[in-house]
Amino acid sequence: MSLALTTVATGKDGDCQMRGREELVSRCIDRKKRKLGVLSPGAYDELVQAVKEDPVPFIETPEEEAFCILVETLDAYHERLAAAEYTNEEDFQRERDLRIQTLLQGCEEALGYDERCQDALLLRVLAQNPPSAAGVKELMSLVKKNKTFVWENIWDRPQLRIRAALSRMLLDTGRYRQSLRYAKWALDQEASDPLGARKTALIALARLEDVAGFEKLVREEPPESPWVLLCRSLLSFKLGQEAEATAALQQFVFRCEGGACALLHPGFVEVYLPDRPQVEPFSFEESLQVIREAETALEDCPDFIDWCASFDWLNKASDDFADEHGFEWE
Amino acid sequence: MSYSAEEEDYRRMYLAYLADIRRGGSEPTPDDLLTFRRQYSCNRQKLSQTDEDRAFFLVVQAVDCIDKKLPYAATEKQAKKLTKQGERLLETALELDPFCPDALRIQASRKAEYTFEFLNYLLENKDKVRLLTKTRCHEGETYENPKQESLRADLHARPYLRWLFACVQNCFFSGRYRQCLDLGHELLRSDPDDSLGAINTMMLAYAQLEDGKGLARLLRKRPDAVSEHKANPWLTLARMALAYRRLDEDAARECLSELLHSCPNAPLILLRQGELPYSEFTRPNYASGSEDELVLAVSEASILLREGQDPEARGSLGGWVTREIAQELLRHGYSREDVERAVAGAVGDGFGGAFGDEFGVDYGGDR
């Protein structure tokens with residue numbers, strides 16, 4: 001495993017899906033607005049401006065205090081992750097342990113202000129639990145079932161993050177229908193799918209050989225996304241449709257940067273805290289994400305990688321990419 | 001239940017022996033059976049046989065090397081010797097009968113570097129094998145005695161049924177579950193008695209697709225698969241996996257309990273979750289309700305057990321089963337140290353000889 005790949009796969013410039021600061025601002029605005037009652041459009045705009053410039057004076061409740069600490073903790077974690085450089089495995093492990101410890105301390109501090117801070121609880125579970133049955137149980141204990149949650153409602157976002165994380169962990173622990181169940185809110189309601197739950201669902205549907213479900217969902221994703229292409233190749237292969245599988249594989253290799261390399265030499269991908277990091281579409285980082293998330297499904301079809309490796313053009317693409325980027329493997 | 005290779009050879013030779021007597025103008029007597037048995041055990045090559053029969057006997061010997069002796073070879077040298085011996089026997093079989101389906105199939109399996117190569121070969125040629133076996137049956141001498149004629153037809157069909165069963169099994173091991181089920185149904189149409197136990201593999205395939213309804217439909221169509229008196233461990237394992245995957249641990253625990261009480265060594269077998277080497281001839285025979293049956297079922301279900309990440313690296317379901325059995329042992333009064341030792345011992349242990357993994361298609365170990 002090339003250490004160079006570890007930083008590459010974590011997203012660009014410490015970018016993470018959760019726009020913590022934006023959410024903090026929105027939450028403060030919403031609380032203040034409710035407190036003040038009806039506002040004229042002008043007054044509302046002033047409020048928004050003021051909070052955006054500096055949300056801190058508007059943090060008036062323990063819940064927002066907790067959320068603010070959490071946002072700072074997460075930002076610090078991701079900055080540290082993006083800046084990290086290692087020369088050997090030991091350094092990497094040491095720095096990683098320290099980074100996660102610091103994050104957990106931040107979560108505890110946030111929970112000191114608000115013991116029900118959902119995002120802090122979520123981060124605590126994800127940072128301490130590799131994909132496992134125990135991790136699934138912990139995440140399930142955070143799931144609330146009393147209503148429907150929508151992305152537009154800022155207060156619903158923590159629950160949606162929990163469900164997306166649970167959906168991914170269920171996939172990792174081989175419970176595909178349950179994974180689909182928790183990705184459902186994105187499948188049914190949230191066309192924009194800000195947390196990429198559909199990507200998780202595509203993998204689950206390919207693994208379950210659910211052709212109808214897969215084709216229905218694929219219509220809502222960009223047709224040439226690496227998620228669609230890899231899952232289609234896997235699904236077709238499992239169904240014995242070699243021509244279709246080959247066509248999709250070729251597209252995956254030639255449209256997605258380093259796709260072949262990611263397939264044959266999966267790179268380490270850091271745990272998502274809390275969401276899948278934003279990466280450039282079709283980038284090598286995205287290829288690595290796809291392969292990492294499809295890991296359990298790919299292992300269930302052991303021939304697939306062997307079959308991929310039997311193509312000269314795929315091996316060449318992988319070697320060329322590795323040479324270009326100076327990757328080496330033992 | 002299907003015949004073992006030796007049992008099948010015995011029956012083929014017996015039918016040929018009877019045909020010989022009739023050709024001589026007489027009717028077989030009980031004494032003839034005794035004479036046959038003596039000749040078969042002391043001097044098999046003197047019995048009347050065709051090249052096809054000779055080829056099949058060579059396959060029997062190859063299977064003895066590859067399936068029975070090779071997994072338990074004590075040294076690498078011995079393993080290499082057995083492998084070469086098996087390969088040579090298959091080559092000689094094909095010199096005598098170039099279309100011997102069993103020899104072709106086993107040779108292809110040994111030569112293929114990857115399962116998908118072997119599977120493609122099986123799928124591309126299954127219809128040819130069917131035609132071949134039908135033609136040979138049609139061209140052979142018929143028997144007036146309906147029992148013997150039925151046996152003759154059955155023996156002719158067996159290589160094709162084994163070929164199709166190999167398709168079913170290899171699709172399952174390769175994670176191609178719908179294909180496995182389609183081929184399983186095809187096999188059941190040709191072999192309604194399901195002598196090879198294709199239904200067992202199909203049950204596990206339904207569990208892998210998390211398709212409880214599909215499994216229920218299969219059981220409704222084949223009520224004979226479910227005995228009132230003896231639980232079928234493949235079915236119980238499939239049900240356990242389905243329950244576990246829908247996060248119903250209570251139901252999964254009930255299934256596990258059923259398995260744990262099925263035979264005296266069940267806890268050890270389920271703790272070990274051993275994976276047997278791939279059996280080239282066909283699934284080995286076992287007595288219903290026996291320990292062998294459970295060992296075989298657990299081995300084939302390793303695909304269900306090993307899937308999904310788990311900190312103990314035994315798979316999501318495999319890890320859960322291990323932890324549940326450990327809890328059960330604690331509840332029965334074993335000390336924590338004893339339980340930890342038992343688990344560590346079982347987890348570290350494996351089946352087969354030291355070099356069993358290197359030879360034959362090991363569908364379990366590397367996954």
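**How chain A meets chain B**

Author: Chain A and chain B bury about 2,500 Å² between them, and carbon and sulfur atoms give 46% of that area. Within chain A's share, A:Arg175, A:Glu209 and A:Asp303 supply 21% of what is buried against chain B, more than any other three residues. Please keep in mind that this is a predicted model.

Reader: Thanks! Why is an area used to describe the interface of two chains?

Author: The size of an interface is often given as the accessible area lost when the parts come together. You can also count residues: chain A brings 32 to the contact and chain B brings 28.

Reader: What makes A:Arg207 and B:Glu307 a salt bridge?

Author: The rule asks for a side-chain nitrogen of Lys or Arg within 4 Å of a carboxyl oxygen of Asp or Glu. Between A:Arg207 and B:Glu307 the closest N and O atoms are 2.8 Å apart, so the pair meets the 4 Å cut-off. Two salt bridges are found across this interface, along with 17 residue pairs in polar contact.

Reader: Which elements of chain A give two or more residues to the side that touches chain B?

Author: They are all helices, among them H7 (133-142), H8 (157-172), H9 (176-188) and H12 (226-238) of chain A. Sorted by type, the residues on that side are eleven nonpolar, seven polar and 14 charged.

Reader: Let's go inside chain A. Why is A:Leu314 called buried?

Author: Buried means under 20% relative accessible area. A:Leu314 has 0% relative accessibility, so A:Leu314 counts as buried. You will find A:Leu314 in helix H18 (residues 312-325) of chain A.

Reader: How do you know that A:Leu314 touches residues beyond four places away in sequence?

Author: Contact means heavy atoms within 4.5 Å, and with residues up to four places away left out, A:Leu314 still touches A:Leu249, A:Val253, A:Ala260, A:Leu263, A:Leu264 and A:Cys308. Take A:Leu263: 51 residues separate it from A:Leu314 in sequence, while their C-alpha atoms are 9.5 Å apart.

Reader: And which residues touch the most other members in the largest nonpolar core?

Author: Those are B:Phe172, B:Met203, B:Met240 and B:Leu317, in a core of 78 residues. Helix H7 (residues 146-173) of chain B gives the most to this core, eleven residues. As for B:Met203, its contacts more than four places away in sequence include B:Leu215, B:Leu218, B:Trp234 and B:Ala238. Apart from that core lies another, of 60 residues, including A:Tyr176, A:Leu202, A:Leu205 and A:Ala245.

Terms used
Residues numbered from 1 in each chain as written. Chains lettered and ligands numbered in written order. Predicted model: local features only at pLDDT ≥ 70, side-chain atom pairs only at ≥ 80, totals over all residues. Heavy atoms only, no water. Buried area = accessible area lost by both parts, 1.4 Å probe. Polar contact = N/O pair within 3.5 Å; in protein donor to acceptor, adjacent residues only side chain to side chain. Helix = DSSP H or I, 4+ residues; strand = E, 2+ residues; numbered from the N terminus. Nonpolar A, V, L, I, M, F, W, Y, C, P; charged D, E, K, R; others polar. Core = buried A, V, L, I, M, F, W, Y, C linked by side-chain atoms within 4.5 Å. Buried < 20%, exposed > 50% of the residue type's maximum accessible area, 1.4 Å probe, protein only.
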